[in-house]
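Open the model in your viewer and keep the selection tool handy. We will go from stop to stop, picking a few residues each time.

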Amino acid sequence: MIDIDTGGEQAVRVLLYGDVDLNIIDGSAVWLTSMAETWSLAGAQVDVQLKAVEDRTLLSGALRSLPGVTVRTAHPPRGRHALDPMRAADALQELDRREPYDVVMVRGIRICRQVARRGAFAGRLWSYVTEFGYPQGTAADQPEPWSQLGEVAEASRLMLAQTEQARAVLEAMVPAAAGRTVVLSPMVPDAVPAAPASATSPAASPAAPLPDSPVRLVYTGKFARRWRTDLMPEIVGHLRELGVAAELTMVGDKVQHDPDHPAWADRMREITQTPRPGVEWLGALDRAAALDVTAGADISLGWRDEELDLSLELSTKVLESSAHGVPPLVNRTAAHEELFGADYPLFVDGLGDGPEEIARIIAAARDRLPQLSARVQAVAGPYRMTARAEVLKRWLDRIGLSRPARGRRSRPVRVVVAGHDLKFAGELVDLLHHDPDVELRLDHWSALHHHDEAASQRHVDWADVVMCEWAGPNAVWYARHKRAGQRLVVRLHMFELRGGWLKDLDTDAVDHLVTVSEHYRELVVGHLGADPELVSVIPNAVSVADLDRPGLPGRSHRLGLVGMVPLRKRLDRAVDLLRELHRTDPRYTLHIRGRMPWEYPHEWRKPVQREAYMDLFARLGADPVRHAVAFEPFGADMAGWLRKIGWVLSPSTVESFHLAPAEGMASGALPVLWDRPGARDIFGDDFVVEDTAAAARLILQTDADPERRAARGRVARERVSGFDERSVAAAWQRVLFGGLKTRIT
């Protein structure tokens, strides 16, 4: 079984690798050293495998001085300077073979793909890929990279994205990434000065440059065409033309070749060798020295080509500059507006802005630098390494940190999950898949009544535990063929109680029955005459940690309905509610997420169902509220979609549980449930209404009072905490493995 324990005397062991050369100082290389330091602050023992032979120690030297960090030297083949992805994966596997790691974190699409294809580090792989959604990347307009990312996501315990925007794109384009992607933002060293006590107090910040003193500008990093580094020296001259004295310090020595502009690199090198008044070139510095240079500036330059505005990344240099109280000049992007605010005066706005326009922006902001310094320092606070270390600890706690088996059993427990539809068993399958003490197989029936009987028999002969998802004919078959000493667990949802096959289920052969609510537990006990002690309630799991994301502006006026098929989902009630709300407030909109009824052939073939939907759509088409209704496609990225939803509707006449409102509650939305059997048992009384008019009153009264909405949000989060995946996982462990012998031979 899984050890959910990140504490104790034994530190978490982390193997860290980035497809980056630490001899070259750029953002990716700095990330590797920052990541190692952050893991160290989280109390982990970290091994860092280098990619390249060390020619200089500007970055690797700092790594070797970190407590709890061991640097593993690169040993590429003779004549090679660095490990290719295949040899890097070999090196990682060899280190893991000597003593297994708890977490293997790798960065870069090539190494992530190599590790994923090998099936290495199952349940322990954390993959960080930034090569998507980027103008010069290969993902936005080509399907193949998304397929590659799908392979990586399938093999990963966690996927890491740098921003909320990047996570949204990744989860939307790669279904396997949904539910396992977390935001790993850049990290700022704690040694960087802390934010002032008051983020609005000019007295706590550096003074503005004196009228006769120069504005000190700084750039650190690689020299690249789309980073505008060839144009930056010209800013100094344009500022002087505006009557503003200025100095620029350029730090770095890596000149990036641009295949579309082959002469650019030579031109950039020539610029670095050409003296220019007020411009100083310092070459490569170690990280500490580069940060000291930044700290002595008034403004740092993060100006880039507008093509890069679609980037989903957040620059480490921007955050480090902010932590020093040095306002960065950056392009106006959604990520930068979210970070600094839309009114930040050092945004580059226009297309094709040149050095002359940049000089005007700087000159206009010159007298506001003290206030801007305090403002950006406060922004950087959550990105400090100590804060990021706490985030790492929460992730470890969330996933339960699987460790290799340590002799509790002579072999892993063999578990089969059998059923025709496993969509509600995803959390259970993940739990078992990532448990090193479990060997999992799936018996996926082709339909409710159809399966490969020979294959199922082989599963019976092999398994220690069989879990039947749905109490359908699969449960009847496995109960008949169960071996002596084998444990059989059956989960019953709802429709099975109407199935004629249920009378054939040998309940004496079933070791434990599971339902998703107390209401259905009572029905099962009464219908099957089962021993109440052998029937447990295990709710559908909700990943509170994954769903708890920043909400988008205006979400309180957006209603969400997940699924409209079959008719008992009552789309008509949702439309009626929207119409009722519009009598008071026309800002409300209804977002219907899911497949259309004709996408379910078994439903669309039913004349009554088809006619009812056609009538409903005809009435909606003639209704004035039709402009406030959006039909949105089904997708795995529920957590991202819920960021914009303020109310999740559950107007169904019958549900065994209904996961959507529970997920909404975890996301910060509020649920509205029309009264039905079992609804109050699961969700309590606060959000259950008698009819559509009552639903409208609940929404309008709540949204009219921010304090009331906040209070109801706290009630919703408290209620949904009982559905959290960790407590559900523990309940499943007790049910599945509680009756097994300590050792299995």
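Start by selecting glycine 668, which follows helix α24 and has a positive phi, near 105 degrees. This is a predicted model, in which local features need pLDDT of at least 70, side-chain atom pairs count only at pLDDT 80 or more, and totals for chains, interfaces and linings use all residues. Residues are numbered from 1 along each chain as its sequence is written, and side-chain values use heavy atoms, with hydrogens and water left out. Helices (H or I, at least four residues) and strands (E, at least two) are DSSP runs, numbered from the N terminus.

Now step back into α24 itself, residues 659-667. Is this helix mostly covered or mostly open? Eight of the nine residues of α24 are buried, where buried means under 20% relative accessible area, exposed over 50% and partly exposed in between (1.4 Å probe, protein chains only). Colour Ala660, Pro661, Ala662, Glu663, Gly664, Met665, Ala666 and Ser667 to see the buried ones.

Next, add helix α27 (residues 706-720), which packs with α24 at an angle of about 120 degrees, the axes being 8 Å apart. That angle makes α24 oblique to α27. Axes are lines fitted to C-alpha atoms, for helices over the stretch in contact, and angles run from 0 to 180 degrees between N-to-C directions; under 35 degrees counts as roughly parallel, over 145 as roughly antiparallel, 65 to 115 as roughly perpendicular and the rest as oblique. Show side chains for Ala662, Met665, Ala666 and Ser667 of α24 together with Ala716, Arg717, Arg719 and Val720 of α27, which make the contact (heavy atoms within 4.5 Å).

Move on to strand β24, residues 670-674. All five of its residues are buried, so β24 is largely enclosed by the rest of the structure. Rotate the view to find Leu670, Val672 and Trp674 on one side, with Pro671 and Leu673 on the other. Then select strand β23 (residues 647-650), which runs parallel to β24 and is joined to it by four bridges. Tryptophan 647 stands opposite leucine 670.

Now for the seven-stranded open sheet, which has parallel pairing and the order β3-β2-β1-β4-β5-β6-β7; two strands pair if DSSP finds at least two bridges between them. Which strands stand at the edges? They are β3 (69-72) and β7 (181-183), each with a single partner strand, so one side of each is left without a neighbour in the sheet. The twist averages 20 degrees from one strand to the next. Within the sheet, pick β1 (residues 13-18) and β4 (residues 103-107), a parallel pair with five bridges. Tyrosine 17 stands opposite valine 106 in β4.

Keep the sheet visible and add α1, which lies across β1, β2, β3, β4 and β5, running at about 175 degrees to β1. Helix α1 (residues 27-41) also packs with helix α14 (residues 385-399), at about 70 degrees and with axes 8 Å apart. That makes α1 roughly perpendicular to α14. Among the residues making this contact are Met35 and Trp39 of α1 and Leu392 and Leu396 of α14.

For the last stop, select alanine 729 in helix α28 (residues 725-737). Alanine 729 is buried, with a relative accessible area of 13%. Finish by drawing a C-alpha to C-alpha distance to glutamate 427: the two residues are 302 apart in sequence and 8.2 Å apart in space.
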